[in-house]
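Work through the exercises below with the structure open. Try each task before reading its solution.

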Amino acid sequence: MKSITLKTASCDSIIYCGEGAFAERTQHLRDKKLFIITDSNVHKIYARLIEETFGTNYVYVMPAGEGSKNHVQLFKILSAMLENGVTRSSTVVALGGGVVGDVAGLAASLYMRGVNLVQIPTTLLSQVDSSVGGKTAVDFKGVKNVVGTFYQPGEVIVDPLFLATLPKREIRCGLGEIVKYGALDKDIYKSLVRNRAHLKDMKFLEDITFDCISHKAEVVRADERDVGGRRKTLNLGHTTGHAFELYYRRKSHGEFVLIGMYYELYIARSMGICTGKYADNIEKLIKKVIGKIPAYPDAEKAAYFAKYDKKNTAATTVSVIVPMSEGESAEIKLPLEEYARYIARCRDSLAEKGMKEEKIMKLAVIGKDVSASDSPKMHSFIAKNMGNEISYDKISIPEGEFENRIDYVIKNYDGFNVTIPYKLSIMPRLKKIVGDAQLFGAVNTVLKSDMSGHNTDGAGFMLMLRNNGVDAAGKDVLLLGAGGAGRAVAKKLAEAGAHVYVYDRNSQSASSLAAECKGITAIDEVAPEDYYLIINATGVGMHKTVGVSPVGEDVLCRTQTAVDLIYVPAESEFLRIARSLGKKTINGQAMLFYQAYFAECIYFGAQPDDAQAKELFQKYITEA
Ligand SMILES: NC(=O)c1ccc[n+]([C@@H]2O[C@H](COP(=O)([O-])OP(=O)(O)OC[C@H]3O[C@@H](n4cnc5c(N)ncnc54)[C@H](O)[C@@H]3O)[C@@H](O)[C@H]2O)c1
């Protein structure tokens with residue numbers, strides 16, 4: 001663990017950085033009266049650690065996200081501080097990302113004209129940047145950070161421990177600020193260029209975090225209140241980043257900083273301020289972290305939001321900090337119109353290179369009644385964690401209304417999931433039927449760009465089995481129910497080499513399924529035989545019949561695993577009996593998540609990956 005003392009006119013702030021910092025530096029806090037502020041995501045993951053470390057001290061949990069950085073949340077925190085008897089001798093602990101740090105810092109600075117503050121940053125961005133230097137703020141009337149104070153934390157505890165649970169996208173955001181430091185500091189620049197291939201490596205991040213903090217501490221020592229010009233340099237990339245953030249909103253701060261840096265580098269290049277290999281290397285670093293830079297069609301309009309930047313000294317002039325050469329930056333002041341023209345030209349050059357504005361995918365789930373569907377929650381979670389943005393609507397279409405409404409859905413959505421009873425009705429509208437949708441003769445996922453229809457039922461089911469260590473190849477499987485779900489799983493199991501025996505009380509359905517596919521046999525009655533796996537794909541066990549089982553103990557005692565595709569969280573009677581007989585049981589709800597994962601891969605053209613799906617599922621179980 002390393003430390004840096006940041007002596008300023010207002011206070012000495014000590015920053016502890018490195019593995020073990022949290023365990024070691026929270027010891028002395030245990031005897032104090034603490035008021036801990038965190039956010040809902042951090043709390044979900046670290047509730048146990050918080051309790052073990054801080055005991056019975058009050059924990060205020062604010063909703064996660066930039067939306068909480070406002071005066072309403074600030075006053076809620078102040079009220080809770082008052083109600084919980086926080087005094088001048090108490091300590092406020094800000095445990096979270098930059099949002100928690102900024103709001104908690106502001107609350108600590110205002111309450112009784114200032115109480116001791118400890119920052120424990122948990123995102124890469126807050127570790128390398130926002131927790132150090134004493135800037136606190138909330139957004140107000142749509143303007144970022146416009147209400148705030150300078151208030152140094154007594155201590156900052158930076159521990160890489162928290163980075164292990166950080167989504168990839170948040171690592172990217174932190175790297176945005178790190179690249180900014182690279183454009184300001186020779187040594188950081190060299191280290192970034194040297195390590196360009198493994199910027200996300202945890203050991204590298206730990207080392208570079210300390211270097212960034214050291215750089216920031218040196219700047220803050222020289223210009224704590226941002227008046228002498230030195231602290232302004234930390235705003236590299238931020239003039240345009242903030243303008244885009246205000247206009248577009250949908251990305252996060254760190255991503256906009258990277259995009260802002262790219263647009264501002266374009267200005268510096270056009271003006272001959274930053275050129276040659278150095279400019280090329282900065283550009284490569286930006287692209288390495290963020291990938292594509294969007295060519296925003298409304299870039300000029302967004303650029304006008306730069307007039308709110310606090311570096312500006314006149315209403316019609318924009319101040320931009322740009323990289324110059326290794327370890328050197330420059331401030332340029334441009335009339336607002338000229339600045340907007342540069343931004344537009346940068347956009348045009350991006351568009352010429354084939355870059356497009358990144359669209360938010362507009363997705364939906366359609367069905368007869370989808371009001372209770374969890375799909376929006378699942379799809380949004382998966383998309384976000386895969387680094388994509390989506391909006392997701394539920395659209396209930398009464399039976400008989402399908403033909404009238406479906407054109408609207410096709411016109412207005414980039415893709416949609418189809419539930420019962422429209423899995424077949426959608427087919428005449430499609431240009432191609434792909435993969436399993438052909439095998440099953442039913443579609444559950446539609447991609448608008450090529451009007452293709454897919455079916456993710458089978459892939460989701462098989463992944464659920466694999467994740468539970470069930471491999472039915474070469475084994476006997478009893479399937480109850482030859483409806484939509486039953487057909488899909490029977491065909492996938494037969495394809496995987498299982499011998500599937502299917503029973504349906506409508507024997508016609510079972511025989512027609514068996515006739516369609518080798519490896520599937522229709523049976524007229526369910527006799528107690530030795531089956532490796534028994535799957536319930538009938539409606540028995542759903543909703544109101546959850547206390548009824550389609551087969552009894554005599555059948556279930558002769559299997560190893562029972563799977564119920566009832567899609568309700570409660571344990572069905574079928575599974576309860578199997579469990580009481582010591583059998584492995586799987587509630588098929590997980591399949592919905594895996595299906596949604598495969599659908600997201602279709603929407604975003606990504607390659608499905610079992611390990612990624614499993615990791616996301618675990619995360620969803622913890623966080624959702
Ligand atoms: N004060 C300053 O000097 C300064 C400097 C830079 C940025 N900022 C501010 O910081 C904010 C952005 O900070 P941020 O990027 O940390 O955003 P954030 O605080 O919203 O955190 C990003 C996301 O990560 C989650 N998260 C936090 N820690 C986690 C962990 N360990 N594991 C899993 N998830 C975790 C959060 O709940 C949130 O969903 C912006 O409001 C920006 O204006 C302030």
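**Exercise 1: The ligand shell**

Sort the residues of the shell around the ligand by class. The shell has nine nonpolar residues, 15 polar ones and seven charged ones. Keep in mind throughout that this model is predicted.

Next, find which residues come nearest to the ligand, and which elements supply the shell.

Solution. Step 1: the ligand has 31 residues around it, and Asn41, Gly97, Gly98, Thr123 and Ser130 come nearest. Step 2: two or more residues of the shell come from each of the helices α2 (40-54), α4 (98-110), α5 (124-130), α6 (168-182) and α10 (253-270).

**Exercise 2: Domains**

List the domains of the protein chain and decide where the ligand lies with respect to domain 1 and domain 2.

Solution. Step 1: the domain assignment gives domain 1 (2-165), domain 2 (221-352), domain 3 (361-455 + 594-623) and domain 4 (472-587). Step 2: residues of the shell around the ligand come from both domain 1 and domain 2, so the ligand lies between these domains. Step 3: for domain 2 and domain 3, the C-alpha centres are 38 Å apart.

**Exercise 3: A hairpin**

Describe how β1 and β2 are joined and paired.

Solution. Step 1: β1 is connected to β2 by a hairpin through four residues. Step 2: β1 (residues 2-7) pairs with β2 (residues 12-17) in the antiparallel sense, over six bridges. Step 3: to check one bridge, start at Ser3, whose partner in β2 is Tyr16.

**Exercise 4: The six-stranded sheet**

Give the strand order of the open sheet of six strands, and explain why one side of β20 and of β23 is left without a neighbour.

Solution. Step 1: the order is β20-β19-β18-β21-β22-β23, and the pairing is parallel. Step 2: β20 (520-522) and β23 (584-587) are at the edges and have a single partner strand each, so one side of each has no neighbour in the sheet. Step 3: from one strand to the next, the twist averages 20°. Step 4: take one pair as an example, β21 (residues 531-536) with β22 (residues 559-564), which is parallel over five bridges. Here Asn536 has Asp564 in β22 as its bridge partner.

**Exercise 5: Helices on the sheet**

State which strands α19 and α21 lie on, and at what angles.

Solution. Step 1: α19 (residues 507-516) lies across β19 (499-503) and β20, and runs at about 155° to β20. Step 2: α21 (residues 573-580) packs on the sheet and touches β21, β22 and β23. Step 3: the direction of α21 makes about 155° with that of β22.

How values were computed
Residues are numbered from 1 along each chain as its sequence is written. This is a predicted model: local features need pLDDT of at least 70, side-chain atom pairs count only at pLDDT 80 or more; totals for chains, interfaces and linings use all residues. A residue is near a molecule or strand if its C-beta atom, placed from the backbone, lies within 6 Å of it. Ala, Val, Leu, Ile, Met, Phe, Trp, Tyr, Cys and Pro count as nonpolar, Asp, Glu, Lys and Arg as charged, and the others, Gly among them, as polar. Domain bounds come from an automatic or database domain assignment. Two strands pair if DSSP finds at least two bridges between them. Axes are lines fitted to C-alpha atoms, for helices over the stretch in contact, and angles run from 0 to 180 degrees between N-to-C directions. Two residues are in contact if their C-beta atoms, placed from the backbone, lie within 7 Å.
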